[in-house]
Amino acid sequence: MGENPAKNHYAQLNQGEENEMEIFGYKTQGCRKALCIAGYILSCGTLLLLFYWKPEWDVWANCTRCSLEEADIVLLRTTDEFRIYSRKTVTWISVSALIKSRLDYPATAEEDSVFSKAIMKPSLQVKSIQVQRIRYVWNIYAKQFQKVGALEDHHTCSAIHAKFGSGLTCNERNVRKVICGPNTIDVPVIPIWKLLIKEVLNPFYVFQLFSVCLWFAEDYMEYATAIIIMSLLSIFLTVYDLRQQSVKLHRLVESHNNIMVTVCRNKEGESCFQELESHHLVPGDMLVLKEGKTLLPCDAILISGQCIVNESMLTGESIPVTKTHLPQADNFKPWRMHCAEDYKKHVLFCGTEVIQTKADDTGVVKAVVLRTGFNTAKGDLVRSILYPKPMNFKLYRDALRFLMCLIAFAAIGMIYTVCVFALNGEEAGEVVKKSLDVITIAVPPALPAALTTGIIYTQRRLKKKGIFCISPQRINVCGQLNLICFDKTGTLTEDGLDLWGLLPCERNCFQDIHSFPADHSLPWGPVFRAMVVCHSLVVWEGKIQGDPLDVKMFEATNWVIDDSSGHQIEGQGSTHATVVRPGPKASSAPVEGVAILHQFPFSSALQRMSVIAQEIGGEQQVFTKGAPEVVAMLCRAETGDNIQTAVTVARNAGMISATNRVILVEANKIPGSFSASITWKPLEENKTEDYRGLAKAMGLEPRSPRVFASALPVQDDSPPTTEQRIRLALASGQYHFAMSGKSYQIVAQHFRHLLPKLLLNGTVFARMSPGQKSSLVEEFQKLDYFVGMCGDGANDCGALKVAHAGISLSEQEASVASPFTSRTPSIACVPELIREGRAALVTSFCMFKYMALYSTIQYLGVLLLYWQLNAFGNYQFLFQDLAITTVIGVTMSFTGAYPKLVPYRPPSQLISPPLLLSVVLNILFSLSMQVFGFVVVQEQPWYSKTDIYSACLSVNNHMENSSSISSLGLHGMREGAHGQTDNGYKSYENTTVWLLSTINCLIVALVFSKGRPFRQPIYTNYVFILVLIGQLGICLFLVFADIDDLYSKLDLVCTPTTWRISMVIMLAVTLAASFLVEEAVIENRPLWLLLKKTFRYHSKSHYKRLQRALEQDSAWPPLNETFFSDSVAISVEGSMGGHSNPTFDSNEDAL
């Protein structure tokens, strides 16, 4: 049964957001519920367990479809490729106790709010659901569920000042509190019993429980007990780990839930102040921020005064950020649209710390509560940890398919077992047990645990190398990475900055470069004044804090910041202004100091910042600085293009070879039109060289510079011209695109069809905003790239989160958004992670192949013996399962990663020709050997079907005649022993098949323990080698020993030495064939490449197909050409924002 969107039954929740869901309405029906309860009882809880795993089946069975308005149960389904269902119960919130009369209804000003639209009259109740810690209420007018816990976006700047500037009334606050709930990011510590139940009900453990019950029924006590002990240990370790994570997350957020705050209340038109705990705050409340450090318990819009905030929790950098108040703009635009990308400079985010406040004329710093609880920036970060996005990786999908194949294989065996035992007149109960036993043999219960082992060992190795992982399932994904995005500033370039020099401009021309440090100081003038005042630096804990570039420039002046309050400024009286003065080492200046009257912090929309400053006793002046291309528009003369810096870093880092060409892609919107233009320009080489020298001087050298040069053939002896070099490079595909964030956004809006072509050879993307970075990563993923992202956490959180493998070089709290965090802030962690990821992926394949072969070998042996109504004995199973397979499964994964990276990746699919061929051929080798041994042993002259001791007796007959009495005595003794201990398993076929299959398990373990090029050679795994040698020694001892008690315990019988040697020869032949095929065919990369070329096989990846198409397109890329869009810009809302933290990062296209 599926979901078909019908009128009023279906809607979308969080449309256009990352956590977008489809919601369906259902109503519980009594008759259906009664039938389901009867089903639970009759199935002994199996149906209830099935509904626990499949909540949609539970809803479809218990409920009938209805409109969302009538629903008491809703079914949610994610809109991503996983389409995960969840079931939620509709709850009712009563506000009747708060609204006694019509006068208590929300005020007229609130008629357009979701709070008034959610209250049903006359019942005075609110219909709600809670999804991933966010509460949604039913809007009775819009007929849809809407999120509460935040101010509506439709408010204008002036409306926010007017409606909430004097605070909420008590009645408004009480209604909002009941509907929104408390302002807490509450992550309770999950009780151990809940974690235990959730873990035990995992399908894997349920299957193990089924297996254990079956083994107990067959008196297979020892292995069943061993599996129980191992499972309990695994469960307890998992529960302990989950419990520790729960406690850690609880402690991380609990300090923010009970902070004393001051709020402004509106009592009969007059404002009064009140202190209360932060969990009482509601959207619309008026916060009053006092002097001193304050931890923010909610998101709030600053409406008066100014704040300096430490946002390291969100950005990863402890750099103070200046926040200014929301302007009282009188227009009809919603406040976020009016502020565009710069809305963040007016918002104080939850979890950040206010370190300094500056009041304006009103004397107080006020902020309106914008979002509470899990709707806040910190709440969204915590929710991303509680509800991580599932990772779609082919390995896991293929693993499920492979398991389905094993189950189908087991079904064939079950049919065979039923036929054999039923036709031989066995009891029905015995037939059922034997047939069910086939499932536990063909599908090894230890398979998931074995696959997890390699990941755990890899995680430990990464931890030793200073790389921490909070998402272990992504380690295997690292083995498939084929594209890495690097943040430039602070990641590819050095963290530390030094001021190299200054290039003054006077009288419309550049002056001589002033180098730092220099013997003589920079003379007093406009440039010097700009250096001392045009910044957003503050004094915090006795140190100058702020942007590193600002700090370096200011320190070069040798001036100091006097941040004490109350400076007398001529013409303005006493005002709170930051004053900068000459320091002890500063050169003489004609002024006592300069006061910074007003700061306009850096705006990402304007790409500049400005200050109004006044020399003490002088006139006011305005200074501005920003991105070169923006400042260029404010100047008469042209300035350089800053994308050159990024290109220079890319060349020095080896991303762009010295012989490769760079093509600048510039896209611009046409003024007064809805269309845009795009131009391709080859980068001037001499210009690049000039900037390269400057970059080296400025300390922009990469941390590990590796330049990969390639020879470019030239037909003529004469030096080629620039045009010839460019055309030759383009023809050979040796070119790279470079573009700015602005151009990228315009291309995504107006030239969407060109974006994949540009990304295919795109190498440099400069001046990218956080949302554009995450969008770029997602666009690469759409081309079927496996994308890694390495950044310092400053503004890379969104991209780090959406990448297949995000690597944060920051140890700040923001690193929880990234699956991997490196303790050492160096890009050296990237190849290390790729190496370990490849090793982990190959280990997973090896373990999967081994576990599949082990179960198949055992399965084939059992089915062969079933033909004679025989089977392996319990101790035979125990030896194979515990002493052989479990120990190998634990130690095989110890092999570390190979120290060198090869220029190709391991296969990512279990369902691939090489791997399938390997498994199939080894199954055939094992089947051939076991069948050969099973048949040939019956042809031996000493073989007897009824007398299992005939082989040893026939040997004794060659002894002296006097030994005949001894022989008879021995025979009688063994018959007596046989009568006491023979449980029906002993036979020559059993002994032969068991010994062959047991040592065959060691053979496949050795053959599948692949080393180079992705893992270290097998001999470096000393533990595994010692285990294999020890196990082989024990197995050979069992082959050649003839110890009655040992053989009796293992249900083995004595065979002649010649037959034992024959078995060893069979095993040696199988080892040789298996090893030869694995090395000469399966691992022969040139052979597979040749086969692909012969059969014209081409990769189905999108980027590979596009690459082949562009190779045939002689007109690509166009040079010195301009294209114009002929249509209105398409909407890219949702695709451009990527995952950014929706409550913190800007969404450029939605504004």
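Select F737 and W1116: F737 is buried, and W1116 is buried as well. The model is a predicted one. The rings of F737 and W1116 form an edge-to-face aromatic pair, 5.9 Å centre to centre with 70° between the planes. F737 belongs to strand 37 (residues 735-740), while W1116 sits in the loop between helix 38 (1102-1111) and strand 42 (1121-1124), so the pair ties together parts that are 379 residues apart in sequence.

Now add W680, Y735 and F1123 to the selection. Together with F737 and W1116, these residues form a cluster linked by ring pairs. Show K757 too: its charged end sits over the ring of W1116, 5.3 Å from the ring centre.

Next, colour the aromatic residues. The whole structure contains 26 aromatic pairs. One of them joins F409 and Y859, a tilted pair at 4.7 Å centre to centre and 35° between the planes. F409 is in helix 13 (residues 394-423) and Y859 in helix 28, so this pair ties together parts that are 450 residues apart in sequence. Which of the terms buried, partly exposed or exposed applies to F409? At 27% relative accessibility, F409 counts as partly exposed. Y859 is buried, its relative accessible area being 3%.

Then go to the largest nonpolar core, which has 86 residues. Select Y850, I884, I888 and M892, the residues with the most contacts inside this core. Helix 28 (residues 829-866) gives the most to the core, with 19 residues. Centre the view on I884. Leaving aside residues up to four places away in sequence, I884 touches Y850, F879, T998, C1001, L1002, Q1031 and C1035. Apart from this core lies another, of 39 residues, including V665, L758, L776 and F780.

Last, turn to strands 6, 7, 8 and 9. They make an open sheet of four strands in the order 6-7-8-9, with antiparallel pairing. Strand 6 (91-94) and strand 9 (144-147) stand at the edges with a single partner strand each, so one side of each has no neighbour in the sheet. Neighbouring strands in this sheet are turned against each other by 40° on average, direction ignored.

Within the sheet, select strand 7 (residues 125-131) and strand 8 (residues 134-139), which pair in the antiparallel sense over four bridges. Q130 stands opposite R135 of strand 8. Show K127 and W138 as well: the charged end of K127 sits over the ring of W138, 5.4 Å from the ring centre. Finally, display helix 6 (residues 170-180), which lies across strand 6, strand 7 and strand 8 and runs at about 110° to strand 8.

Conventions
Residues numbered from 1 in each chain as written. Predicted model: local features only at pLDDT ≥ 70, side-chain atom pairs only at ≥ 80, totals over all residues. Heavy atoms only, no water. Pairing = 2+ DSSP bridges. Helix = DSSP H or I, 4+ residues; strand = E, 2+ residues; numbered from the N terminus. Axes fitted to C-alpha atoms, helices over the stretch in contact; angles between N-to-C directions. Contact = heavy atoms within 4.5 Å. Core = buried A, V, L, I, M, F, W, Y, C linked by side-chain atoms within 4.5 Å. Buried < 20%, exposed > 50% of the residue type's maximum accessible area, 1.4 Å probe, protein only. Phe/Tyr/Trp six-rings, centres within 6.5 Å; stacked < 30°, edge-to-face > 60°. Lys NZ or Arg CZ within 6 Å of the ring centre and 35° of its normal.
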